[in-house]
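Q: I have just opened this one and don't know my way around yet. Could you walk me through some of its local details?
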Amino acid sequence: MAGGGCGLSPLGPAPPMWYHRDLSRAAAEELLARAGRDGSFLVRDSESVNGAYALCVLFQKHVHTYRVLPDDEGFLAVQTSQGVQPKRFKTLPELVSLYLQPSQGLVTTLLYPVDREETVLSDDRDYSDGEDEKPPLPPRSASTSTPPGPDTPTESTPAANGLSTISHEYLKGSYALDLEAVKQGACSLPHLNKTLVASCKRLNGEVDKVLTGLEILSKVFDQQSAFMVSKMIQQSVNQGGDQELENLVTKLAILKDLLSSIEKKALKALQDMSLTSPCSPPLHSMRHSKAIPVQAFEVKLDVYLAELTKIGKSQKYTLSVDVEGGRLVVMKKVKDNQEDWITYTHDKIRQLIKSQRVQNKLGIVLEKEKDKSQRKDFIFASAKKREAFCQLLQLMKNKHSNQDEPDMISIFIGTFNMGSVPSPKSVASWVLCRGLGKTLDEMTVAIPHDLYVFGSQENSVCDREWVESLRAMLKDQTELDYKPIAVQTLWNIKIAVLVKPEHENRISHVGMSSVKTGIANTLGNKGAVGVSFMFNGTSFGFVNCHLTSGNEKIARRNQNYLDILRLLSLGDKQLSSFDISLRFTHLFWLGDLNYRLDMDIQEILNYINRKEFDPLLKVDQLNLEKDKNKVFFRFVEEEISFPPTYRYERGSRDTYVWQKQKATGMRTNVPSWCDRILWKSYPETHIVCNSYGCTDDVVTSDHSPVFATFEVGVTSQFVSKKGLPKSSEQAYIEFESIEAIVKTASRTKFFIEFYSTCLEEFKKSYENDTQSSDNINFLRVGWSNKQLTTLKPLLSEIEYLQDQHLLLTVKSLDGYESYGECVLALKSMIGSTAQQFETCLSHRGEETGKIRGSMRVRVPSERMGTRERLYEWISVDKDETGAPKGKSTMGPRAGHEYVKTSVVRKQLGELGKVSEEGERSNKDETAARPKQEAANSDSSISKNSYNNPAYYILEGVPNQSAAAISAELLPSPTSANPQAAKAPHPTASARTKPPCPSSGPPPQRRPMTGLSVRTISEEGSPEDDSAAAAQAGSVGATVGSTLNRPPPDFPPPPLPKAALEPGSEPPMTKPRTLHPDLAEVRIPSAPAAPPVLGEVFRRGGAGGGALDDQSCSVLQMAKTLSESEFSGPPPPRAPSAPPLRGQPLGLGLDACRTFPPRNPITESIAEDMPEEALWGSSSSSLSVGESSVGEWLQRLGLERYEQGLLHNGWDDLEFLSDITEEDLEEAGVMDPAHKLILLESLRQQQQK
């Protein structure tokens, strides 16, 4: 409970009903909005100051907040302006009673208290599965990592250690005997001595252990002390009784002298040794894990992207990876069982390029000779084999790297509800990721990970025994002695983190915490434990939880999550304004989340038997709540491809036990994915989930253990080689403007706080200088350049800055409370021109708004040097987009805060500003395709309250306009036909050749931007049109098609009135491959300034109108529509046109960055590679075949042979001149007459 004060509680004898304890700011505003009367008020705990309160008052539909602060004497007062004497009160009811009277200085008199909703304390026992029928008592032995606090239910202190009991016994009985002996002339106190010996018995044993451990060191470095240590150890064995206490004192004195001098003497001894003998290797280098054997992969050469020369009959290769030796052997099988092989050392392997469309294809760029490289594409037996090959090569690169610190580590995370029974004898399949789902390949399954994180629930084994069993198991599998860096326990919920010995010194700032969410939030049978630490320069957080069980208790589970998010005390204390989801570079959340499936039991069992999990995942409560942004906002989970892990029959994995007879009747427990692993990472960081599954042979519990492994990029503690920057070499972080839409009914002023590890201390902006609102529940605030401070990083090297992130929190001036937080990556902001960013604001785990702006990170040229990271060595080849081969790196992943970079400001200047007509048509087009953008964007971005139909209503758009957006998404059908949604004009097809549609599965975690359909304004001239088309061909088309950026999260402007009137058609429409930001730009007759950022935010104007008074309230409509499902299939997406062959890609995103690209392939590599390999699949063999070889065969009437020729690599007429009859036969041309026709035609082609 908040509030201070001595003696009398600040709340009085009993908390008044208008006091709402730790109610959030957003929830308080919702309650007041529901009350709806001026003068409605409530009091809650302050979110910014511990022990303070916030008095919230509703007046003219706005919420006004006043801080109530305690002083040093415990008196309470409403915070006043400077110079105004505050009125002080002993209790909160006294303070409120004053302001119930008129004219006391508040915006209005307090009239109508809003009482808290008293919920009957529900019994949190889950009768459906019985696991909470009788909550287990906490373990008797407290965890070594969790010292008992005042709220921890422990036994009394005398019973806990027994020492006070011994002292009490002496004072009650033996004391009198000693007193009698002294009266008789005794010079000693035998009974007191006996008491002291008993009290120090444990201390005596511990000192003996320490001395025994130091005996060897003393013999090596301090022979003088060694004699005394050995003598005391011998005496402690042979002597006892009265001399035992005297010996203990002597041993403590010897131990003190030894500890104070051993380091100096050891240093002197080592210095003497260094003069006569070479240095010994460090201890950690002598620890060896199992040697990784040479692994061989059978592959086939991909003929479409191979060098287009004549290929022999055999295309089979064997790739042998020697991790220990640092070699890759490429062996080709030729005629007569002979083999041709080439060996490449680790430094000759320039890059690995994963195909995104073909999951088992991999391109390898190999250095042939100096400055010359060659790319070969291989087809593996499966996608799993490809991943195993990449992992082995990464391991080889890391093992033989000349870097002192790692760029990447691997992490194992496991969660297991043990069912309150002892751990099974072997859980090797758990740590080896063997079982069901996405598992590791057998070639890499035994490679030890750098970190192991084990979470358990209903674990009745004591901490030490559990951790030692885990260490022993890891040693059996890896031959490494893993070190426990943190163990945290809350009753039977436990988490343990173990690290490779070589990384032990890289771990720092270890923190641990726990939160109880059991009955009345006081019992620890449910709750969470957490661990956080720094691995060099990267922060990690791990949370293991056990949430409320029961099919129907979704809301309770959601509240458990929010409580844990808010109360778990982990990470940097300076980041207290941010919840734990934003405090760490990487946060992993694991445990028995207890979310169930909302489906009939028989249907569930039928789907499981058929191994059809997609229909079940659609009714998974966690997925449903996550889609509504109620829990795990912007967290990511790998695709689930294993059966539900709960509730099995113990002793078997063949049967689900879904019925149980209880005292309250028969209860149903549907099979569910209760056990989950999710994560959330900062934007533009590297993290890949390599496995996610469950075991199928651990049968002691009714849950199956779940595992996941991750490849995570880490940063080192950067040390500048050039020292601290001079003023001329100082890097700067500069903001041009920031605008935010905040979900609040308040109309206070705001400021922004900036936090980062690259800043010496946090910085604050001035208050916002623009403020407007189209709706009572939303506020738009803006800061110009004058209001924003310039930030100076501690170091100015680009290598350091591109790993840094900036945390922002938007705070109010009245209560200094946060209204939303976010994180930005500096990497995309580095450059000489300003870049735009845009992302969500969240607070206490809930989405609270949007923020966007323009900023740049200026790095002096002297500090521009950088290097390639190990995880950048593997890139992803977006085959289907027409991007150049090998030039695409891994984009932002789902769940990351999306940071959108702008196009170069120079281009904006050339393209000019948006005309009113163009802006209007852009509104038509953008509003007509919200469903399409939602379908093309990432699910974590698309499903929020700011780009679903609710946002249009909240922004003041009339109901008719909102209805015209999409009849599918709105609750009431409306007949509207926005012209922007019509098909393009027939003549448009003559301007742009339609590209070939991509085949294969859709790319994962890479949202595509769909084709924008531009509506030309009536005043747009043909000259302007053609100029825009030319500009789009070189700039816009490429930006829109190759960067694969998600569409902006911000809502499009409202529809103008003209778009809703029937019969009003624009003169023509035509397709444009423009980025949405540039979709409506016209070429003016004279140069114009770029559009102002604030214009994009502006709403209203054309098409404006009042909301229907008969409609439900805005708040209710927003809530209803925000939680509605996005049903129905998305409209077909028009594919992006690929760049023409030989045509430059134009100015894309990377052109405006000054730091080197992530892909290290030099121009010499591109020169040595085939042209088709550079331009991607859309402009390689397929496009060439259709335009050249296919047409040639069609002209000869032999198009039936096209597929066979293309399959064998004959996809270019230039190379067909070398074809022979044998080659034609291999391609399927068996008819002699047809062979003759083809060869004669080729001969004639050569003569021309």
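Q: Where is the place of Ser737?

A: This is a predicted model, and in it Ser737 sits in strand S27, which covers residues 732–743.

Q: Is Ser737 buried or exposed?

A: Ser737 counts as buried, because its relative accessibility is 18% and the cut-off for buried is under 20%.

Q: And how far apart are Ser737 and Trp783 in space?

A: Measuring from C-alpha to C-alpha, Ser737 and Trp783 are 5.6 Å apart in space, although 46 residues separate them in sequence.

Q: Let's switch to charges. How many salt bridges does the count come to?

A: The count comes to 42 salt bridges. One of them joins the side chains of Glu817 and Arg44, with N to O at 2.6 Å. Glu817 lies in the loop between strand S32 (805–812) and strand S33 (818–825), while Arg44 belongs to strand S1 (residues 40–45), so this pair ties together parts that are 773 residues apart in sequence.

Q: Are Glu817 and Arg44 buried or exposed?

A: Glu817 and Arg44 are both buried.

Q: Which residue forms a salt bridge with Asp803?

A: Asp803 forms a salt bridge with Arg869, and their closest N and O atoms are 2.8 Å apart. This pair links distant parts of the chain, 66 residues apart, with Asp803 in the loop between helix H16 (798–801) and S32, and Arg869 in the loop between strand S35 (846–858) and strand S36 (874–877). Asp803 counts as partly exposed at 21% relative accessibility, whereas Arg869 counts as buried at 4%.

Q: Which residues do salt bridges with shared partners join into one network?

A: Glu468, Arg471, Asp481 and Lys483 are joined into one network by salt bridges that share partners.

Q: What about Arg780 and Asp774, how do their side chains meet?

A: The side chains of Arg780 and Asp774 meet in a salt bridge, with N to O at 3.6 Å. Arg780 counts as buried at 10% relative accessibility, and Asp774 counts as partly exposed at 35%.

Q: Now Glu458: which side chain of opposite charge is nearest to it?

A: That is Arg650, which is 5.4 Å away, and Glu458 is buried yet has no salt bridge. A salt bridge needs the nitrogen and the carboxyl oxygen within 4 Å, so a distance of 5.4 Å does not qualify. Glu458 does have a polar contact of 3.3 Å, which joins its side chain to that of Asn417. As for its position, Glu458 lies in the loop between strand S15 (451–457) and helix H11 (463–478).

Q: Changing topic, what span should helix H33 have, and how far apart are its end C-alpha atoms?

A: Helix H33 has 16 residues (residues 1232–1247), which at 1.5 Å a residue should span 22 Å, and its end C-alpha atoms are 23 Å apart, which agrees.

Q: Which residues of H33 are buried?

A: The buried residues of H33 are His1234, Lys1235, Leu1238, Ser1241 and Leu1242. Looking down the axis of H33, these buried residues fall within an arc of 135°, so they line one face of the helix. As background, an α-helix has 3.6 residues a turn, so residues three or four places apart point the same way.

Q: And which residues are exposed on the other side of H33?

A: Pro1232, Leu1236 and Gln1247 are exposed on the other side of H33. At the start of H33, a side-chain oxygen of Asp1231 reaches to within 2.9 Å of the backbone nitrogen of Ala1233.

Q: What about the backbone, which peptide bond is cis?

A: The peptide bond from Tyr646 to Arg647 is cis, with omega near 10°, and Arg647 is found in the loop between helix H15 (621–627) and strand S22 (659–662).

Q: What is phi for Trp491 and for Asn594?

A: Trp491 has a positive phi of about 50° although it is not a glycine, and Asn594, also a residue other than glycine, has a positive phi near 65°. Trp491 lies in the loop between strand S16 (483–490) and strand S17 (493–499), and it is buried, with a relative accessible area of 11%. Asn594 is found in the loop between strand S21 (586–592) and helix H13 (601–609), and it counts as buried at 0% relative accessibility.

Q: Last one: how many disulfides does a search of the whole structure find?

A: A search of the whole structure finds 0 disulfides. Among the cysteines, Cys390 counts as buried at 1% relative accessibility, and Cys545 is buried with a relative accessible area of 0%.

How values were computed. Residues numbered from 1 in each chain as written. Predicted model: local features only at pLDDT ≥ 70, side-chain atom pairs only at ≥ 80, totals over all residues. Heavy atoms only, no water. Helix = DSSP H or I, 4+ residues; strand = E, 2+ residues; numbered from the N terminus. Buried < 20%, exposed > 50% of the residue type's maximum accessible area, 1.4 Å probe, protein only. Lys, Arg positive; Asp, Glu negative; His and termini not counted. Polar contact = N/O pair within 3.5 Å; in protein donor to acceptor, adjacent residues only side chain to side chain. Expected span 1.5 Å × (residues − 1). Arc of directions from axis to C-beta. Disulfide = S-S within 2.5 Å.
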